[in-house]
Amino acid sequence: MRNPTPGKNPFELGSYIDRFPLVFQWLYIDLNRDFFKLKGRTGVSRFWAMYIFSFIFLGIVYWICEKLATTVIVYFSLLLIGWLYVAIPCASIGVRRLHDMGKPGFLSVFPQFGTFFMTICVAFQEIPALPITLAVVAMSVIPLIFMSLPGEKKANKYGNPCNDNVDVLKELN
């Protein structure tokens, strides 16, 4: 088999990253390389690309668990692994999003707690009382609303303003 891209490993997904649409480049970087990066700033579109991907991913994991899991342990384990795969990158991109607005990043943890709580409720097929459910939803949605607001146009203590349309290949090198 002839290598279609000389100088690149044909079996490594990262070697073809420059051919992907920009949103998929962001997701690849945030899920595989920057999932613990808490410094810097991130724009609104990159933040929402990650969160929309995480909701779709968790929906697919939930569907797979419904179809394939035979015991509660397997069901819960698959849901927990799926949640951890997206929770850590979502929390780190939330921190960078809050940094873009000049705020400290601790608020980005609250949506992850809400998602984890709902994942446990789904796993055990228990719906908690309405006040608890409303509190968890509010704890998850209010920080997401704050993270959707526009960031500061000037440099702040967390770095220079971000540009979501910047060439992603610069981040890979």
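The dialogue below goes through a predicted model of one protein chain, feature by feature.

Me: Before we start, what should I know about how this model is treated?
Reply: Because this is a predicted model, local features need pLDDT of at least 70 and side-chain atom pairs count only at pLDDT 80 or more, while totals for chains, interfaces and linings use all residues. Residues are numbered from 1 along each chain as its sequence is written, and side-chain values use heavy atoms, with hydrogens and water left out.

Me: What is pLDDT, and which elements have the lowest and the highest mean pLDDT?
Reply: It is the predictor's confidence in each residue, from 0 to 100. Where pLDDT is low, the predicted coordinates should not be read in detail. In this chain the mean pLDDT is 78, and 84% of the residues reach 70 or more; among the elements, helix α6 (residues 169-172) has the lowest mean, 47, and α2 the highest, 87.

Me: How many helices and strands are there in the protein chain?
Reply: Helices (H or I, at least four residues) and strands (E, at least two) are DSSP runs, numbered from the N terminus. Here the chain has 6 helices and 0 strands, which gives the pattern α-α-α-α-α-α along the sequence.

Me: What span should I expect of a helix?
Reply: The expected span is 1.5 Å times one less than the number of residues. Helix α5 (residues 130-147) has 18 residues and should span 26 Å, which agrees with the 26 Å between its end C-alpha atoms. Helix α3 has 29 residues and reaches 41 Å from its first C-alpha to its last, close to the expected 42 Å.

Me: Is Asp-30 buried or exposed?
Reply: Buried means under 20% relative accessible area, exposed over 50%, and partly exposed in between (1.4 Å probe, protein chains only). Asp-30, which lies in helix α1 (residues 22-32), counts as buried because its relative accessible area is 1%. Of the 173 residues of the chain, 36% count as buried.

Me: Which residues does Asp-30 touch?
Reply: A contact means heavy atoms within 4.5 Å. Leaving aside residues up to four places away in sequence, Asp-30 touches Phe-35, Arg-46, Met-50, Pro-89, Ile-93 and Arg-96; of these, Arg-46 and Met-50 are among the buried residues of α2.

Me: How many salt bridges are found in the whole structure, and where are they?
Reply: A salt bridge is a side-chain nitrogen of Lys or Arg within 4 Å of a carboxyl oxygen of Asp or Glu, and the search finds 2 of them. In one, the side chains of Arg-41 and Asp-100 meet at 2.9 Å, N to O, linking the loop between α1 and α2 to helix α3 across 59 residues. Asp-100 also forms a salt bridge with Arg-97, the closest N and O atoms being 2.5 Å apart, and these two residues are separated by about one helical turn because they are 3 residues apart in helix α3. Salt bridges that share partners thus join Arg-41, Arg-97 and Asp-100 into one network.

Me: Which residues form the nonpolar patch on the surface?
Reply: Patches are made of residues with over 30% relative accessible area and no salt bridge, like charges being joined within 9 Å and nonpolar side chains (Val, Leu, Ile, Met, Phe, Trp, Tyr) within 5 Å. Here Ile-52, Ile-56, Ile-60, Trp-63, Ile-64 and Leu-68 form the patch, with about 620 Å² of accessible area together. Ile-52, in helix α2 (residues 44-68), counts as partly exposed because its relative accessibility is 47%.

How values were computed
Accessible areas come from the Shrake-Rupley method with a 1.4 Å probe; for residues, only the protein chains shown count as cover.
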